[in-house]
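Hello,

Here is the structure I said I would pass on. Please open it first; my notes follow below.

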Amino acid sequence: MAYNASQDPRTDIRERTYLPELLRGLAITTRHFIRNLFGTRETQTPFEERTGTSLVTTVQYPEEKIPYPPGYRGLHRLVPRDDGKPRCVACYMCATICPAQCIYIEAGEYPVDAADQSSRVIEKYPTQFVIDELRCIVCGLCVEACPKDAIRMDTYTHTPPEYNRQGFVYDIPKLLKGPAVSHPSDPWNKRSDSRQPAHAHKEAHTRVGEGHEHHDHGHPAHAPALTTGHAEPVPNGRTVISNDGPVPVTKFLK
């Protein structure tokens, strides 16, 4: 039975001997021990969901595992194509955005006369793709940055233990797993190879000051406005907008 402690423990004989409180603590410990020993083990890990008499919720790992919640960022994996090769095109976007700098990629090129159509379209592929799982901070930015859905963290498994550091460095054979993924927007589903298409390229706008300099009585004319089609100067200083023919495009090289 609980009681209010005195302001000065030196004047209370019960608190000076420590014996009553010692027996009270042993009684509470014994009650919990007997209830957990003979009661049924509680399977609900969250304490607010426990309904049994026993309070023991220890998970007997690895025989018992707690299911991961949806959206859990697990171990990385490289997504394969239908032919078993990785969807990665070695664009370096995941390695660039990684804040921990734990991704290392080396790019190679498929030969021009590659046998399969997908290799002729993609051109580049990773000769080396390495992730150091010890440096990874599990932020998921590599998954968000990948334009080809080539890397995912949907394995729902955490990094297993290893005996040395090299065991945490995952290469392509270790990362390439899971079912093959194909999207309608994949280039090999739209084109036969990587050659330039036969149709003429047309843009829906024109560049400002692109070959339309016109001077009238020594004064420069007004710059053509940004609009659809392409602009053609006329002798009276006006600009005529036309949608006929391709628009010349200026390429800026860094």
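A word on naming before anything else. Helices here are DSSP runs of H or I with at least four residues, strands are runs of E with at least two, and both are numbered from the N terminus. Please also keep in mind that this is a predicted model.

**Overall**

The protein has 254 residues, and 25% of them count as buried. It holds six helices and nine strands. Its accessible surface is about 18200 Å². Carbon and sulfur atoms own 58% of that surface. Among contacts with a separation of 6 or more, 56% join residues 24 or more positions apart.

**First annotated site**

UniProt carries a "binding site" annotation, from an unreviewed entry, on C88, C91, C94 and C146. These residues are spread over 59 residues of sequence, yet they cluster in space, with a largest C-alpha distance of 10.2 Å.

C88 sits in the loop between strand 1 and helix 3, and that helix spans 93-97. C88 counts as buried because its relative accessibility is 8%, and the limit for buried is under 20%. Leaving out residues up to four places away in sequence, C88 touches K124, Y125, P126, F129 and A150.

C146 is in another loop, the one between helix 5 and strand 4 (151-152). C146 is buried too, at 18% relative accessibility.

**Second annotated site**

The unreviewed UniProt entry also lists C98, C136, C139 and C142 under "binding site". Here the spread is 45 residues of sequence, and again the residues cluster in space: the largest C-alpha distance is 10.6 Å.

C136 is in the loop that runs between strand 3 (124-132) and helix 5 (141-145). Its relative accessibility is 16%, so C136 counts as buried. Beyond residues up to four places away in sequence, C136 touches H76 and C102.

C142 lies in helix 5. C142 is buried, with 7% relative accessibility. Its contacts, again without residues up to four places away, are H76, C94, I97, I103 and I151. One of these, C94, belongs to the other annotated set. So what do C136 and C142 both touch? H76 appears in the contacts of C136 and in those of C142.

**H76**

H76 is worth a look in the viewer. It is in the loop between helix 2 and strand 1 (77-78). Is H76 buried or exposed? H76 is buried, because its relative accessible area is 3%, against a limit of under 20%.

Which side chain does the H76 side chain meet in a polar contact? The partner is the side chain of E133, at 3.0 Å. Not counting residues up to four places away in sequence, H76 touches I131, E133, C136, C142, I151, R152, M153, T155 and L175.

**Exposed positions**

G71 shares the loop between helix 2 and strand 1 with H76. The two contrast in exposure. G71 is exposed, at 63% relative accessible area, whereas H76 is buried. G71 and M153 are 82 residues apart along the chain, while their C-alpha atoms are separated by 9.0 Å. M153 is also among the residues that H76 touches.

T96 is in helix 3. T96 counts as exposed because its relative accessible area is 61%, and the limit is over 50%. T96 and C142 are 46 residues apart in sequence, with 8.7 Å from C-alpha to C-alpha. C142, in contrast, is buried.

**A nonpolar surface patch**

Lastly, look at helix 2, which covers residues 19-38. L19, L22, L23 and L26 make a nonpolar surface patch of about 400 Å². L26 lies in helix 2. At 49% relative accessibility, L26 is partly exposed, because exposed means over 50%.

**Where to look**

Start with H76 and its contact to E133. Then go to C136 and C142, both of which touch H76. From C142, move on to C94, which leads into the set of C88, C91, C94 and C146. The patch of L19, L22, L23 and L26 can be viewed separately.

Best wishes

How values were computed: Residues are numbered from 1 along each chain as its sequence is written. This is a predicted model: local features need pLDDT of at least 70, side-chain atom pairs count only at pLDDT 80 or more; totals for chains, interfaces and linings use all residues. Side-chain values use heavy atoms; hydrogens and water are left out. Patches are made of residues with over 30% relative accessible area and no salt bridge: like charges are joined within 9 Å, nonpolar side chains (Val, Leu, Ile, Met, Phe, Trp, Tyr) within 5 Å. Accessible areas come from the Shrake-Rupley method with a 1.4 Å probe; for residues, only the protein chains shown count as cover. A salt bridge is a side-chain nitrogen of Lys or Arg within 4 Å of a carboxyl oxygen of Asp or Glu. Buried means under 20% relative accessible area, exposed over 50%, partly exposed in between (1.4 Å probe, protein chains only). A polar contact is a pair of N or O atoms within 3.5 Å; within protein, one must be able to donate a hydrogen and the other to accept it, and residues adjacent in sequence count only if both atoms are side-chain atoms. Contact means heavy atoms within 4.5 Å. UniProt positions are given in the numbering used here, feature names are shortened, and annotations may be inferred rather than shown by experiment.
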